[in-house]
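User: I'm new to this structure and would like a close look at a single part of it. Could you pick one helix and walk me through it, with a bit of the surroundings too?

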Amino acid sequence: MTDNSREAKVSKVLRFILSFVLFGMISLLSVSICAKSVFLNPSKIEKILTSYEYVDGIRNSVIDYADDFYIKNGLDSENLDEIFDCENIKKVVSSYVSYNITSAVGYTNETYTDLINNICVDFDEDLKNQIENSGQQYNADKAEKISASVREFFKSEIDIPYIEQIKTVLNIGSVGANVIFGVSVFFAVSTGLVLFFLGTKRYRSVRAISCSFSTAGIFNVLIALTLYVISTVKNIDIYPIYLYDAFMSYFYMCIGDIALSGGVLILISLAIITAVWKIKKGS
């Protein structure tokens, strides 16, 4: 009787330890899946950075900058909307993102800069025409300075701060996510099997596995809620505004993915609890 009691206590302690280890492995597994599917997925980032809102933000910023020069020099800026057309701006942004984020074949650093230069050639022509139409004497040096300033501003608006660091994080993070995924799958399956066959009361082991899934799910949901609360309380200083909006869209997409993974884990735990009830009823 004493031996059976001691064995039961040992099984209980081992079951608790293995359940906690399984919880950790499931959490790591869910994080690696989220990282591969959203956090470090270049396609997801590309979709945000080529959205209409982001492209239109760059377009309006460039137009406003060029318009200031036109106003200061008494020129008509009605053609700027056509010159800096939304479709042309999107081609520039897509080329930039394809080269720096998705590393698509056929795109180089010159691809998007050439597109910028092509757009600015039309701007140079319009600038010259507007100066001549206004009755002012055309000053080549002054026009060249205006053109160079607009080109430089255009490039600065397209360029994303710390893009090299972002590329490094995506490359290293992707490899790390794959490693974590493989390791967590191996240990999760191993721990789950050991836990399942531990002791003579099978339903207790299955119940412990269910607790691991539910705890991991609740943990993920709590992380998502915490990040959401922090984002609403603390302001993040990112300029310009369209880049801030793009970052927040990406941030909330990541939070949503974490919450979704937590919900899935909780559903799995509920399914396992149902199995526990059937096993217990059968025994």
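Analyst: Let's begin with a word we'll need: a residue is called buried when its relative accessible area is under 20%, exposed when it is over 50%, and partly exposed in between. Keep in mind that this is a predicted model.

The part to look at is helix α6, which runs over residues 109-133. Those 25 residues reach 37 Å from the first C-alpha to the last, close to the 36 Å expected at 1.5 Å a residue.

Now, which residues of α6 are buried? They are Y112, T113, I116, I119, C120, F123, D126, L127, Q130 and I131. Try reading the numbers in that list as steps along the helix. An α-helix has 3.6 residues a turn, so residues three or four places apart point the same way. With that in mind, follow I116, I119, C120 and F123, which are among the buried ones. Further along α6 you can pick up D126, L127, Q130 and I131, buried as well.

And what covers these buried residues? The cover includes α3 (52-72), α4 (80-83), α5 (86-100) and α7 (140-158). Past the end of the helix, there's one more detail to find: just after α6, G135 takes a positive phi of about 85 degrees.

Stepping back, here is the setting. The protein chain has 10 helices and 0 strands, so α6 sits in a pattern that reads α-α-α-α-α-α-α-α-α-α along the sequence. The C-alpha trace spans about 110 × 35 × 25 Å along its principal axes. As for the radius of gyration, the chain has 29 Å, while a compact globule of 283 residues would have one near 19 Å. Over the whole chain, 39% of the 283 residues count as buried. Among contacts between residues at least 6 apart in sequence, 81% join residues at least 24 apart.

For an example of parts far apart in sequence, hop over to F181 in helix α8 (residues 163-196). F181 and L28 are 153 residues apart along the chain, yet their C-alpha atoms are separated by 7.5 Å. Leaving aside neighbours within four places in sequence, F181 is in contact with L29, S32, I33 and K36. Is F181 buried, exposed or partly exposed? Its relative accessibility is 32%, so F181 counts as partly exposed.

One last thing about the chain as a whole: the mean positions of its 25 positive and 30 negative charges are 28 Å apart.

How values were computed
Residues are numbered from 1 along each chain as its sequence is written. This is a predicted model: local features need pLDDT of at least 70, side-chain atom pairs count only at pLDDT 80 or more; totals for chains, interfaces and linings use all residues. Side-chain values use heavy atoms; hydrogens and water are left out. Helices (H or I, at least four residues) and strands (E, at least two) are DSSP runs, numbered from the N terminus. The radius of gyration is taken over C-alpha atoms; the globule rule is 2.2 Å times the number of residues to the power 0.38. Buried means under 20% relative accessible area, exposed over 50%, partly exposed in between (1.4 Å probe, protein chains only). Contact means heavy atoms within 4.5 Å. Lys and Arg count as positive and Asp and Glu as negative; His and the chain ends are not counted. The place of a charge is taken as NZ of Lys, CZ of Arg, CG of Asp or CD of Glu. The expected span of a helix is 1.5 Å times one less than its number of residues.
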